[in-house]
Amino acid sequence: MTDTTPGALATLADLEQRVTARRDGPAYGDGAMIACDRLVRIFTADGVEVQALQGLDLLVREGELMALVGASGSGKSTLMNILAGLDVPTAGAATVAGCDLLAMDAKARLRYRRDVVGFVWQQTARNLLPYLTAAQNVALPMQLRGRTKRGRRAERALELLSMLGVADCRDRRPHQMSGGQQQRVAIAVALANSPSVLLADEPTGELDSATGEQVFAAFRRANEELGTTIVIVTHDQAVAGEVRRSVAIRDGRTSSEVLRRTEVDAEGQESMVAREYATLDRAGRLQLPAEYTEALGMRHRVLLELEPDHIAVRPDDAS
Ligand code: ADP
Ligand code: MG
């Protein structure tokens, strides 16, 4: 870019200093519970390559309860499987609670799945063993880990089931529970070994909205009571609308996010204010919403101008 206006150059010199100051600051992902840096996952099926993740960046803070949204096929489950330690990315970097997901050997991977992450899947049947009661299902991960005595396991199982409002299901097997009860028991199972992170892939996808609401309330409870960092993939607008942060994935990349906060006006009235942001990735890429680019007839080329406090994107007037 040689054809820069003098005004913009002066601003650039200005910015240079700020940029240098930022570079000396903390590195990308420092202190984050989950840090994905340019994650790539390519699947090859019958000689055809599918780029499920195309350089995805994501940071999640400790103690956050956040949602991941996006159209079907955008790469959400691929990301969740990687974070769950069930799949390995093709390229990029990912750490969860300080564990490097690309560097783990089989033993470390097993420990990671047992101690560091818990997960809840959409299919209720995938979360629970059918021949065990709710209490036995919750006690099982503790038993497999082998650090908790039998009496304490039963006690903790009941504590978790009570916290999530399903203590009455303790002696029931999955087929004797409703879908919503099964999912809440599944959350208790996922929390049994006190994981740092709880992952859920469309946990309310098979439920009606009222039941989905109850299951979401159980996630919130776990987040508030135990401080567990929680990432929920959801299609459910009601769920996405209840978290402070929801990140949208488009074509295997994080494209935008909505932040919500409570504002109190002069009369003391509380209201939820939502604001949508675009994601600027580590390579400086930005996805512009189709409504915006179409409204101004932008295609292929756009003009970028650096202003003192913003960057302008204009239609290419040369074409
Ligand atoms: P989402 O969960 O957002 O619906 P997925 O992560 O399941 O999306 O899939 C993203 C893309 O990767 C899709 O095009 C899907 O067909 C493809 N994909 C996912 N898993 C595999 C696999 N095991 N083999 C081949 N392609 C896959
Ligand atoms: Mg999926």
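**Exercise 1. Overall description**

Determine what share of the contacts between residues at least 6 apart in sequence join residues at least 24 apart.

*Solution.* Among contacts in the protein between residues at least 6 apart in sequence, 61% join residues at least 24 apart. The model under study is a predicted one. Its secondary structure comprises 10 helices and 13 strands. The C-alpha trace spans about 75 × 55 × 40 Å along the principal axes. Of the 319 residues in the protein, 42% are buried.

**Exercise 2. Helix α5**

Identify the buried residues of helix α5 and the elements against which they pack.

*Solution.* Step one concerns burial: within α5, which covers residues 134-145, the buried positions are Ala134, Asn137, Val138, Ala139, Pro141 and Met142. Step two concerns their partners: these buried residues pack against α6 (150-163) and α7 (179-191). Step three concerns the end of the helix: Gly146 follows α5 and has a positive phi, near 75 degrees.

**Exercise 3. The pair α7 and α8**

Describe the packing of α7 and α8, and classify their relative direction.

*Solution.* Two packed helices are described by the angle between their axes and the distance between the axes. For α7 and α8 (residues 209-226), the angle is about 20 degrees and the axes lie 9 Å apart. Angles under 35 degrees count as roughly parallel; α7 and α8 are therefore roughly parallel to each other. Their crossing is right-handed. On the α7 side, the contact is made by Gly180, Gln183, Arg184, Ile187 and Leu191. On the α8 side, Thr211, Gln214, Val215, Ala218, Phe219, Ala222 and Leu226 take part. By type, the residues of this contact are seven nonpolar, four polar and one charged.

**Exercise 4. The nonpolar cores**

State how many residues the largest nonpolar core has, and name the element that gives the most to it.

*Solution.* The largest nonpolar core has 35 residues. Those with the most contacts inside this core are Val120, Val138, Val185, Ile187, Leu198 and Phe219. Two or more residues each come from β3 (65-69), α5, α6, α7, β7 (197-201), α8 and β8 (229-233). The element that gives the most is α7, with seven residues. Val185 may serve as an example: leaving aside neighbours within four places in sequence, Val185 is in contact with Leu128, Ala134, Val138, Leu161, Val166 and Met177. Apart from the largest core lies another, of 30 residues, including Met33, Leu53, Val117 and Leu199.

**Exercise 5. Ser246**

Decide whether Ser246 is buried or exposed, and list the residues that it touches.

*Solution.* Ser246 is found in strand β9, which runs over residues 245-250. Buried means under 20% relative accessible area; at 5% relative accessibility, Ser246 therefore counts as buried. Not counting residues up to four places away in sequence, Ser246 touches Ala67, Ala240, Ser256, Glu257, Val258 and Arg260. The C-alpha atoms of Ser246 and Met66 are separated by 5.7 Å, although these residues are 180 residues apart along the chain.

**Exercise 6. Positive phi outside glycine**

Locate Arg38 and Ser194, each of which has a positive phi although it is not a glycine.

*Solution.* For Arg38, phi is about 50 degrees. Arg38 belongs to strand β1 (residues 34-45), and at 38% relative accessibility Arg38 counts as partly exposed. For Ser194, phi is also positive, at about 50 degrees. Ser194 lies in the loop between α7 and β7.

Methods
Residues numbered from 1 in each chain as written. Chains lettered and ligands numbered in written order. Predicted model: local features only at pLDDT ≥ 70, side-chain atom pairs only at ≥ 80, totals over all residues. Heavy atoms only, no water. Buried < 20%, exposed > 50% of the residue type's maximum accessible area, 1.4 Å probe, protein only. Helix = DSSP H or I, 4+ residues; strand = E, 2+ residues; numbered from the N terminus. Contact = heavy atoms within 4.5 Å. Axes fitted to C-alpha atoms, helices over the stretch in contact; angles between N-to-C directions. Parallel < 35°, antiparallel > 145°, perpendicular 65-115°, else oblique. Left-handed = near helix turned anticlockwise from the far one by under 90°. Nonpolar A, V, L, I, M, F, W, Y, C, P; charged D, E, K, R; others polar. Core = buried A, V, L, I, M, F, W, Y, C linked by side-chain atoms within 4.5 Å.
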